[in-house]
Amino acid sequence: MENFHLSLLDILIIVGETLLVVIIGLMAAGKIKRTTEGYFLASGNMPWYLIGAAFVSTSVSSEQIVGTIGATYKGGLAIANWEWWALPTYLLMMVFFIPLYLRNKIMTVPDLLNRRFGPACGAIYSFVILIGYVFVFLPPVIYGGSITLSELTGWNQGYVMAGIVLVTASYTLLGGLSSVMWTDAIQCVMLIGGGVIFYFVALDKIPGGWDAMVAAAPERFHLYQPPSDPEAPFAGLILASFGVFLFYQSSNQVMIQRILSARSTWDGIMGLIFSGFINIIRPLVTCLLGLIVYHWLDVMQQGPSLLPDNQDRAFPVALELFAPSGLKGIILAGFFAAVMSTVSALSNSIATIFSLDVYKKFIRKNAKDRELITTGQVSGGAALLISSLVAPLVGSIGLFKYFQTGVTYMATPFISVLLMGIFWKRTSYAGAVAGLIGGVFIQIMLALGLLAAGIQLHWLYVGAVAQALTMLLIAVVSLNTVPPAKEQIKPFLWRFSWISTLEEGAKKRSWWQSIKLWLILYAIAWCYIYWRFW
């Protein structure tokens with residue numbers, strides 16, 4: 001952008017905050033135990049506040065900031081559902097998944113699939129999720145971060161990509177999950193703090209503020225959208241709470257690994273609640289700025305519109321228009337902190353799955369801790385390199401749609417098998433394998449069939465239909481194959497006692513540390529938002 005300029009103060013802030021992140025990451029790396037659990041799970045010793053901050057920081061990156069601000073610019077407030085619609089999924093996680101993982105001392109999702117069903121299930125997850133991380137998750141993160149800085153500064157995008165990858169790799173590959181978690185916490189503060197300040201500075205530029213924007217285009221300020229809405233149908237969000245959203249939060253290794261590092265079940269659940277409170281204000285950073293840019297360009301007509309296909313430029317345009325010197329540096333430092341956070345989390349999860357569930361199981365079964373750590377470092381670095389080469393392909397599709405569609409299609413078979421395995425004791429090994437393999441074909445055939453018939457169906461509905469058909473396939477195959485042994489499935493079948501004895505044997509805590517108290521407060525805040533903007 002020709003009119004965009006970074007002052008010396010901006011550059012010093014960006015460099016200073018980036019160096020702070022790297023130094024903290026390297027300090028954390030120096031303190032970890034060089035064991036498998038120490039490197040990949042931070043020795044299972046993470047407190048709630050680090051878990052919550054890391055949970056948010058990992059899920060907010062360039063595809064969230066650039067892509068979601070752009071989608072909000074185009075589609076209105078309903079896009080904020082992708083940020084706010086967390087409570088239903090979080091409740092399902094707290095009740096069903098977190099106790100399951102922590103009670104059984106699960107290290108990876110493939111570990112759970114192996115123990116509940118059999119080795120083929122864990123192997124399928126490992127290979128599919130590794131491909132997904134490298135080709136679906138990482139590329140939009142790297143692309144979004146690099147193209148934004150490239151557009152704003154004129155720097156070569158290839159060099160920017162290399163800088164992001166090398167700086168992140170410097171502490172991630174050395175320190176493992178401990179470095180990732182500590183840097184995530186700092187990056188969360190930088191991102192949310194700078195983003196909230198920027199939102200209110202930008203809103204102050206609009207005569208009449210929020211009320212004026214609502215009055216000018218009231219139809220754009222509702223969270224509820226009808227089932228036929230092409231961007232955020234509310235019915236699709238409800239269905240996704242039991243499908244793709246649940247997969248992304250509860251059985252996606254890069255997210256659940258934060259919970260698996262908890263020092264107690266209490267810390268795991270409180271960390272999730274803490275992330276819920278952060279999510280209340282997160283749309284100020286990742287969504288609502290798009291409404292301000294729309295009002296400025298399309299209502300006040302202070303510049304050329306970005307519609308219909310240039311919405312991903314809304315964030316760079318906002319920086320050019322509304323951010324003064326100093327604040328530009330803070331915002332860009334927080335932006336790249338978010339990019340680094342997600343890149344580091346994904347590369348660490350790739351290293352974990354490849355080392356523990358591929359290398360150790362299929363290549364070197366007798367591999368010791370040092371060899372597994374080295375393997376993780378090499379595989380994590382290789383994944384970053386490959387994803388950087390794939391990243392330019394994202395630009396032709398659009399960040400938000402590329403990421404959301406890719407995750408939805410990948411999630412369906414896995415969440416179907418996990419739900420059936422947790423709630424139905426008759427789910428067999430053969431049924432699970434059929435679900436994982438057949439679910440992919442169901443998803444593909446359904447998408448092709450809709451395309452051939454000329455039916456345009458939102459990807460959330462496609463995912464929900466595919467999930468129902470996959471679960472039906474699992475049930476049919478399970479009923480016609482050998483049932484699993486009771487002793488194998490008993491630890492993994494959900495029962496109410498997991499909740500009633502949630503903190504059994506743990507130290508007694510004060511009333512203000514009650515999980516119920518903070519969950520109720522979060523639920524009240526969440527319900528108010530949906531009442532206010534329905």
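**Exercise 1. Two helices in contact**

Task: In this predicted model, find which residues of α7 meet which residues of α18, and classify how α7 lies to α18.

Solution:
1. On the α7 side, the contacting residues are Pro-110, Asp-111 and Asn-114. Their partners in α18 are Ile-353, Asp-357 and Lys-361.
2. Helix α7 covers residues 109–116 and helix α18 covers residues 327–363. Their axes come within 9 Å and cross at roughly 45 degrees.
3. That crossing makes α7 oblique to α18. The class follows because angles under 35 degrees count as roughly parallel and 65 to 115 as roughly perpendicular.

**Exercise 2. Backbone in the loops**

Task: Locate Lys-105, Gln-301 and Pro-308, and state what the backbone does at each site.

Solution:
1. Lys-105 sits in the loop between α6 (87–103) and α7. Its phi is positive, about 50 degrees, although Lys-105 is not a glycine. With a relative accessible area of 68%, Lys-105 is exposed.
2. Gln-301 belongs to the loop between α16 and α17. Here too phi is positive in a residue other than glycine, near 55 degrees. Gln-301 is exposed, its relative accessible area being 64%.
3. Pro-308 is also placed in the loop between α16 (289–299) and α17 (314–322). The peptide bond joining Leu-307 and Pro-308 is cis, with omega about 5 degrees.

**Exercise 3. The cover of α16**

Task: Decide whether α16 is mostly covered or mostly open, and state what comes just after α16.

Solution:
1. Of the 11 residues in α16, 9 are buried.
2. The buried residues include Leu-289, Gly-290, Leu-291, Ile-292 and Val-293. Tyr-294, His-295, Trp-296 and Leu-297 are buried as well.
3. The helix α16 is therefore mostly covered, where buried means under 20% relative accessible area.
4. Just after α16 comes Gln-301 with its positive phi of about 55 degrees.

**Exercise 4. Salt bridges and their cover**

Task: The structure holds 6 salt bridges. For the pairs Asp-184 and Arg-258, Arg-263 and Asp-267, and Arg-364 and Glu-371, give the N to O distance and say whether each partner is buried or partly exposed.

Solution:
1. Side chains of opposite charge can pair when their charged atoms come close.
2. Asp-184 and Arg-258 meet at 3.8 Å, N to O. This pair links distant parts of the chain, with Asp-184 in helix α9 (residues 157–203) and Arg-258 in helix α13 (residues 253–260), 74 residues apart. Both Asp-184 and Arg-258 are buried.
3. In the bridge between Arg-263 and Asp-267, the closest N and O atoms are 3.1 Å apart. Arg-263 is partly exposed at 47% relative accessible area, whereas Asp-267 counts as buried at 2%.
4. For Arg-364 and Glu-371 the distance is 2.9 Å, N to O. Arg-364 has a relative accessible area of 42% and is partly exposed. Glu-371 is partly exposed too, at 24%.

**Exercise 5. A nonpolar surface patch**

Task: Which residues form the nonpolar patch on the surface, and in which helix is Ile-444 placed?

Solution:
1. The patch is formed by Ile-437, Val-440, Phe-441, Ile-444, Met-445, Leu-448 and Leu-451. Together they have about 710 Å² of accessible area.
2. Ile-444 is placed in helix α21 (residues 429–453).
3. Ile-444 is partly exposed, with a relative accessible area of 43%. Patch residues need over 30%, so this value passes the cut-off.
4. Residues three or four places apart in an α-helix point the same way, because the helix has 3.6 residues a turn.

Definitions and conventions. Residues numbered from 1 in each chain as written. Predicted model: local features only at pLDDT ≥ 70, side-chain atom pairs only at ≥ 80, totals over all residues. Heavy atoms only, no water. Patch = residues over 30% accessible without salt bridge, like charges linked within 9 Å, V, L, I, M, F, W, Y side chains within 5 Å. Areas by Shrake-Rupley, 256 points an atom, 1.4 Å probe, with all protein chains shown as cover. Salt bridge = Lys/Arg side-chain N within 4 Å of Asp/Glu carboxyl O. Helix = DSSP H or I, 4+ residues; strand = E, 2+ residues; numbered from the N terminus. Buried < 20%, exposed > 50% of the residue type's maximum accessible area, 1.4 Å probe, protein only. Axes fitted to C-alpha atoms, helices over the stretch in contact; angles between N-to-C directions. Parallel < 35°, antiparallel > 145°, perpendicular 65-115°, else oblique. Contact = heavy atoms within 4.5 Å.
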